[in-house]
Amino acid sequence: MKNEVLIQIGAPAPAGATDGRTRDRVVQLLLKHGATTAAQLGAALGLSPAAIRKHLDVMLAERLVETRELRQSKPRGRGRPAKAFVLTAAAREDLNPHHYDGLATAALRWIAQQHGPAAVSAFAATQVKALEERCQAAIEEAGPDPIARAEALAEVLTVEGYAANASAIASGGQLCQQHCPVAHVAAEFPQLCDAETEVISRLIGTHVQRLATIAHGDGVCTTHIPALAVRTTAITVRTDT
């Protein structure tokens, strides 16, 4: 018998299964069995070599899987070395997205119990300080206008994973963040949101107000940037001449 790993997962996937569902099953197979060849995956899923290759090519492009040479116990003949597919580290983290959230929450609970709420606030300020430093250079190039600075900040925050955008509105401007990397932790410790709001205020150069947060259950984090007050000069007009 050839040196192969046999995978049995029950009945093949139905013909109408979606691409997403098929790729989810590939992920589960790789999670359970480790390094697996395309032929083995195709056989387990009831897919032709061409069909499984199509799915694997997409998963390679999305960095969900990577390849490695398959070790052979017998001398290999001519041709390309056998390749096996494994999950990337990023894909494994995505399978348990809140694992580190739980660890961070437990750590902050310990800090709060041992040193009080002020210590949590100090910790939060320290954590966002690095983000502020990374954003500072790009913000300075935007000039003094708060809305322009908010737009520049949104671009940097998007690179940081916040999916942010900024726009001018009648009452000034607003900065929206479609994603929050620490939402689950901030739901219990709003000091993280407070520290982030203070950073936004310093970077934009004016007072800002948080209107909504993902951590509070809203669909997006929204920060309002009030319009700058327009100075008016009183002019006295003489009418007795």
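The chain folds into 9 helices and 6 strands, and what you are looking at is a predicted model. Of its 241 residues, 35% are buried. If you take the contacts between residues at least 6 apart in sequence, 49% of them join residues at least 24 apart. Let us walk through a few parts of the chain, beginning with the sheet.

Four strands make up an open sheet, in the order 3-4-6-5 and with antiparallel pairing. Strand 3 and strand 5 (209-212) are at the edges; each has a single partner strand, so one side of each has no neighbour in the sheet. On average, and ignoring direction, neighbouring strands here are turned by 25° against each other.

You can follow the sheet from one edge to the other. Strand 3 (residues 164-169) and strand 4 (residues 172-177) run antiparallel and are joined by 6 bridges. The link between them is a hairpin that passes through 2 residues. At this end of the pair, look for Ile 169, whose bridge partner in strand 4 is Gly 172. Strand 4 is then joined to strand 6 by another set of bridges, 6 in number, and this pair also runs antiparallel. Two positions help you to find the register: Leu 175 has Thr 223 of strand 6 as its bridge partner, and Gln 174 stands opposite His 224 of strand 6. Finally, 3 bridges join strand 5 to strand 6, again antiparallel, and here Arg 210 has Thr 223 as its partner in strand 6.

Thr 223 has now come up twice, and is a good place to pause. This residue lies in strand 6 (residues 221-226). Is Thr 223 buried or exposed? Its relative accessible area is 0%; burial means under 20%, so Thr 223 is buried. The strand around it follows suit: 5 of the 6 residues of strand 6 are buried, so the strand is largely enclosed by the rest of the structure. Leaving aside residues up to four places away in sequence, Thr 223 touches Gly 173, Gln 174, Leu 175, Gln 177, Ile 200, Val 208, Gln 209 and Arg 210. With Arg 210 there is also a polar contact of 2.8 Å between the two side chains.

Next, turn to the helices that lie against this sheet. Helix 7 packs on it, touching strand 3, strand 4 and strand 6, and its direction makes about 165° with that of strand 3. Helix 9 lies across strand 4, strand 5 and strand 6, and runs at about 130° to strand 5.

These two helices also meet each other. Helix 7 (residues 146-159) packs with helix 9 (residues 191-204) at an angle of about 125°, and their axes are 9 Å apart. The two are therefore oblique to each other. On the helix 7 side the contact is made by Pro 146, Arg 149, Ala 150 and Leu 153, and on the helix 9 side by Ile 200, Leu 203 and Ile 204. By type, the residues of this contact are 6 nonpolar, no polar and 1 charged. Ile 200 is a residue to remember here, being also one of those that Thr 223 touches.

Which residues does Glu 132 touch, not counting those up to four places away in sequence? They are Val 199, Arg 202 and Leu 203. Glu 132 has its place in helix 6 (residues 117-140) and is buried, with a relative accessible area of 6%.

For a contrast, look at Ala 187, in the loop between helix 8 (183-186) and helix 9. With a relative accessibility of 51%, Ala 187 counts as exposed. Its C-alpha atom is separated by 6.0 Å from that of His 216, although the two residues are 29 apart along the chain.

Our last stop is helix 2 (residues 38-45). Here 6 of the 8 residues are buried, so the helix is largely enclosed by the rest of the structure. The buried residues are Ala 38, Gln 40, Leu 41, Gly 42, Ala 44 and Leu 45. Their cover includes helix 1 (19-33), helix 3 (49-61) and strand 2 (83-87). Just after helix 2 comes Gly 46, which takes a positive phi of about 70°.

Note on methods
Residues are numbered from 1 along each chain as its sequence is written. This is a predicted model: local features need pLDDT of at least 70, side-chain atom pairs count only at pLDDT 80 or more; totals for chains, interfaces and linings use all residues. Side-chain values use heavy atoms; hydrogens and water are left out. Axes are lines fitted to C-alpha atoms, for helices over the stretch in contact, and angles run from 0 to 180 degrees between N-to-C directions. Angles under 35 degrees count as roughly parallel, over 145 as roughly antiparallel, 65 to 115 as roughly perpendicular and the rest as oblique. Contact means heavy atoms within 4.5 Å. Ala, Val, Leu, Ile, Met, Phe, Trp, Tyr, Cys and Pro count as nonpolar, Asp, Glu, Lys and Arg as charged, and the others, Gly among them, as polar. Two strands pair if DSSP finds at least two bridges between them. Buried means under 20% relative accessible area, exposed over 50%, partly exposed in between (1.4 Å probe, protein chains only). A polar contact is a pair of N or O atoms within 3.5 Å; within protein, one must be able to donate a hydrogen and the other to accept it, and residues adjacent in sequence count only if both atoms are side-chain atoms.
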